[in-house]
Amino acid sequence: MIRTKAAYDEAVNDLQELLDKKTALEEQEIIKAVANSNKTYAEIIRFLTEAETEE
């Protein structure tokens with residue numbers, strides 16, 4: 001049972017690391033998309049805010 005718990009904990013840690021890497025990559029993609037966009041800061045913020053209120 002102790003080995004099973006250790007394996008479970010290791011799998012959870014591995015999963016968390018992968019999720020953290022995925023989040024970091026998504027953030028980099030968003031920053032790149034904003035930098036390459038022809039939209040203004042205000043337009044982007046308005047779009048994101050409107051998307052939040054529609055949900």
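Ala-24 sits in helix α1, and it is a convenient place to enter this predicted model. At a relative accessible area of 33%, Ala-24 is partly exposed. The helix around it, α1, covers residues 2-36. A second helix, α2, covers residues 41-54. The chain holds two helices and zero strands.

The overall dimensions come next. The C-alpha atoms fill a box of roughly 55 × 25 × 10 Å along the principal axes. The radius of gyration of the chain is 19 Å, whereas a compact globule of 55 residues would have one near 10 Å. Buried residues account for 2% of the 55 residues. Because buried means under 20% relative accessible area, Ala-24 at 33% does not count among them. The accessible surface of the chain amounts to about 5,500 Å², and carbon and sulfur atoms contribute 59% of that surface.

Some C-alpha distances help to place the helices. From Ala-24 to Glu-43 the sequence separation is 19 residues, and the C-alpha atoms are 24 Å apart. Glu-43 belongs to helix α2, where it is partly exposed with a relative accessible area of 32%. Glu-43 can also be paired with Gln-28: these two residues are 15 apart in sequence and 20 Å apart in space, C-alpha to C-alpha. Gln-28 in turn lies 10 residues along the chain from Leu-18, with 15 Å between their C-alpha atoms. Leu-18 is a residue of helix α1 and is exposed, with a relative accessible area of 57%. Between Leu-18 and Tyr-41 there are 31 Å, C-alpha to C-alpha, for a sequence separation of 23 residues. Tyr-41 is part of helix α2.

The charged side chains are the next topic. The chain carries 7 positive and 13 negative charges, and the mean positions of the two sets are 4 Å apart. Side chains of opposite charge can pair when their charged atoms come close. Where does this happen here? The count of salt bridges comes to two. One of them joins the side chains of Lys-5 and Asp-9, with 2.9 Å from N to O. That distance qualifies because a salt bridge requires a side-chain nitrogen of Lys or Arg within 4 Å of a carboxyl oxygen of Asp or Glu. Lys-5 and Asp-9 both belong to helix α1, four residues apart, which is about one turn of the helix. Both partners keep some accessible area: Lys-5 is partly exposed at 47%, and Asp-9 is partly exposed at 29%.

The other salt bridge links Lys-22 with Glu-26, and their closest N and O atoms are 3.0 Å apart. Lys-22 and Glu-26 are four residues apart in helix α1, so about one helical turn separates them. Lys-22 counts as partly exposed, at 48% relative accessibility. Glu-26 is likewise partly exposed, with a relative accessible area of 36%.

Other acidic residues form a surface feature of their own. Glu-10, Asp-14, Glu-17 and Asp-20 make up a negative surface patch. Asp-20 is located in helix α1 and is partly exposed, with a relative accessible area of 44%. Asp-20 can belong to a patch because the rule asks for over 30% relative accessible area and no salt bridge, and its 44% meets the area condition.

Helix α2 brings the nonpolar side of the picture. Which residues form the nonpolar surface patch? Tyr-41, Ile-45, Phe-47 and Leu-48 do, and the patch measures about 470 Å². Leu-48 has its place in helix α2 and counts as partly exposed at 45% relative accessibility. Tyr-41, also in helix α2, counts as exposed at 66%. Tyr-41 is over the 50% cut-off for exposed residues, so it falls in that class, while Leu-48 at 45% is put in the partly exposed class.

Taken together, the model has two helices and zero strands, with buried residues making up 2% of the chain. Helix α1 contains the salt-bridge pair Lys-5 and Asp-9 and the pair Lys-22 and Glu-26, as well as Asp-20 of the negative patch. Helix α2 contains Tyr-41 and Leu-48, which are among the residues of the nonpolar patch.

Methods. Residues numbered from 1 in each chain as written. Predicted model: local features only at pLDDT ≥ 70, side-chain atom pairs only at ≥ 80, totals over all residues. Heavy atoms only, no water. Rg over C-alpha atoms; globule rule 2.2 N^0.38 Å. Buried < 20%, exposed > 50% of the residue type's maximum accessible area, 1.4 Å probe, protein only. Areas by Shrake-Rupley, 256 points an atom, 1.4 Å probe, with all protein chains shown as cover. Lys, Arg positive; Asp, Glu negative; His and termini not counted. Charge placed at Lys NZ, Arg CZ, Asp CG, Glu CD. Patch = residues over 30% accessible without salt bridge, like charges linked within 9 Å, V, L, I, M, F, W, Y side chains within 5 Å.
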